[in-house]
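Visitor: I have a model on my screen and would like a guided walk through it. Could you take my questions one by one?

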Amino acid sequence: MEMAKAKGGEKCRRMLLVSLLLLALVAISLPLLAQQAAPVQHARAVGTVKSVDGGNVTLNTDSGSEIIIAIQPNTRLVRTLPGQTDLKSASAAKLSDVQVGDRLLAGGQMSADGKSLIATTAIIMKRADISEKQQHDREEWQKHGVGGVVKSVDAGAGTIQISTGPAATLTVAVSKGTVIRRYAPDSVKFDDATLSTLDQIKPGDQLRARGARSADGATLNADEIVSGTFRNVAGTVVSTDAAKDSVTVMDLATKKPVILKVTPDSQMHSLPPMVAMRIAARLKGAGAGAGAGAGAGAGAGAPGQHAAASGTSPRGGEAPANGNTGASRGGGAPDFQQMLQRMPTVSLADLHKGDALMIVATEGSADTPPTAIILLSGVEPILTASPSQAGAILTPWNLSGGGGEGAGGDTP
């Protein structure tokens, strides 16, 4: 009897031990099973190739960070051309095809620290192909582009009325295929312009459009539009801050100080005294009409490239080859966009309290001060002659910083 009880107790202990072991195995296995069952996080990175070391490609991403892309033997690597929207016509590529300056879009498994990505797929866009596309786009903007100030927008009809001269207007027709972009409030770069919609364009905006003209020339059927809200500031220097790359200007219109950022993309020039006096004399003689039309016809060149730099005028003719800095349209004020590149450059250190300035700047935001696009000193005679018209001379703008289409969005 005692022996039977002993055997029964031993059996119970064994069963309990087995149960405990099973529980322990379950406790250990569940996290492993959960980890295996959890889907692998798929991530993407896009940017410009900084270096290539074996199978590791260091990428300067568009967000400003740096990441290492690990190209594996089984990584699907293809090459595409700028402007292609799918991979049907993409060609197979090899790791040796990836070079510094190329654009790359990689998809795969991101590391826990976000500093590396094991690529399952990678798309490259060659630097030479991008440059060729940008050059083609610049030529298209120069041949088929127009710029002006928005007078009205009819979203229902899909049309925009812009002023292109003292008494000239143009209808810009928008279709479903029109690419509409908007400049960022704190950037002067065309590459920073983001996809937008017609309802974001408003009167007073400066706009450039590229497309085909109607037979009568009154309408441009736009393939692409880029617009932005920019401000003109005419005033005198209050102070400069080299540490913060900024200048404070007393705005003559509002009688209030304005702080403006200066970046490497800001174009800062000084107007020679004789040129400033010549312009002042024109403004005095021409009256209000000249100021209003001084810059309105500019801007037919590509975003990101000055008409003077391209050797063509905003209306498609040849730029003056005789160095005449007084080039003008129809007897009005000189075309500053043609003149600008011939003017001496200045820096913040060259600006002193009381100096007169004319500035075209970004709109800025509540958290970010406006950024100077064009800053022109030596303009005292102009402001004295006609302070209300001075700002119009510099508009519409021609922005610096890489015109044409690079690539963005889902393509490299």
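What follows is a conversation about strands, cores and side-chain contacts.

Visitor: Before we start, what kind of model is this?
Guide: Residues are numbered from 1 along each chain as its sequence is written, and side-chain values use heavy atoms, with hydrogens and water left out. Local features need pLDDT of at least 70, side-chain atom pairs count only at pLDDT 80 or more, and totals for chains, interfaces and linings use all residues, since this is a predicted model.

Visitor: Glad to know. What is the order of the strands in the open sheet of six strands?
Guide: Helices (H or I, at least four residues) and strands (E, at least two) are DSSP runs, numbered from the N terminus. Two strands pair if DSSP finds at least two bridges between them. The pairing in this sheet is mixed, and the order is S16-S15-S14-S18-S19-S17.

Visitor: Which strands stand at the edges?
Guide: An edge strand here has a single partner strand, so one side of it is left without a neighbour in the sheet. The two in question are S16 (257–261) and S17 (267–270).

Visitor: How many bridges join S14 to S15?
Guide: S14 covers residues 230–241, and S15 covers residues 246–251. Val237 has Val249 in S15 as its bridge partner. The strands run antiparallel, and the number of bridges is six.

Visitor: And on the S18 side, which residue stands opposite Arg231?
Guide: S14 also pairs with S18 (residues 356–362), in the antiparallel sense and over seven bridges. Opposite Arg231, in S18, stands Ala361.

Visitor: Which residue in the turn of the S14 and S15 hairpin has a positive phi?
Guide: The hairpin has four residues between its strands. The residue we want is not a glycine, and its phi is near 50°. With a relative accessible area of 40%, it is partly exposed (buried means under 20%, exposed over 50%, partly exposed in between, with a 1.4 Å probe and protein chains only). Its name is Asp245.

Visitor: Is Lys255 buried or exposed?
Guide: Lys255 is in the loop between S15 and S16, and has a positive phi of about 60° although it is not a glycine. Its relative accessible area is 62%, so Lys255 is exposed.

Visitor: Let's go inside. Which element supplies the largest share of the largest nonpolar core?
Guide: A nonpolar core is a set of buried Ala, Val, Leu, Ile, Met, Phe, Trp, Tyr and Cys residues joined through side-chain atoms within 4.5 Å. The largest one has 23 residues, and Tyr183, Val226, Leu271, Ile279, Val379, Ile382 and Leu383 touch the most other members. S14, helix H3 (273–286), S18, S19 (372–377) and helix H7 (380–385) each supply at least two residues. The largest share, four residues, comes from H3.

Visitor: Which residue forms an aromatic pair with Tyr183?
Guide: Rings of Phe, Tyr and Trp (its six-membered ring) pair if their centres lie within 6.5 Å; planes under 30 degrees apart count as stacked, over 60 as edge-to-face and the rest as tilted. This pair is edge-to-face, with 5.8 Å centre to centre and 75° between the planes. Tyr183 lies in the loop between S10 (179–182) and S11 (194–195) and its partner in S14, so the pair ties together parts 47 residues apart in sequence. That partner is Phe230.

Visitor: How far apart are the closest N and O atoms of Arg79 and Asp129?
Guide: These two form a salt bridge (a side-chain nitrogen of Lys or Arg within 4 Å of a carboxyl oxygen of Asp or Glu). Arg79 is in S3 (residues 66–79) and Asp129 in helix H2 (residues 127–144), 50 residues apart. Asp129 counts as buried at 14% relative accessibility, while Arg79 is partly exposed at 32%. The N to O distance is 2.9 Å.

Visitor: Last one: which residues are linked with Glu224 in a network of salt bridges?
Guide: The side chains of Glu224 and Arg181 meet in a salt bridge at 2.5 Å, N to O. Glu224 lies in S13 (residues 219–228) and Arg181 in S10, so the pair ties together parts 43 residues apart in sequence. Glu224 is buried, with a relative accessible area of 5%, and Arg181 is buried at 15%. The network links Glu224 with Arg181 and Arg210.
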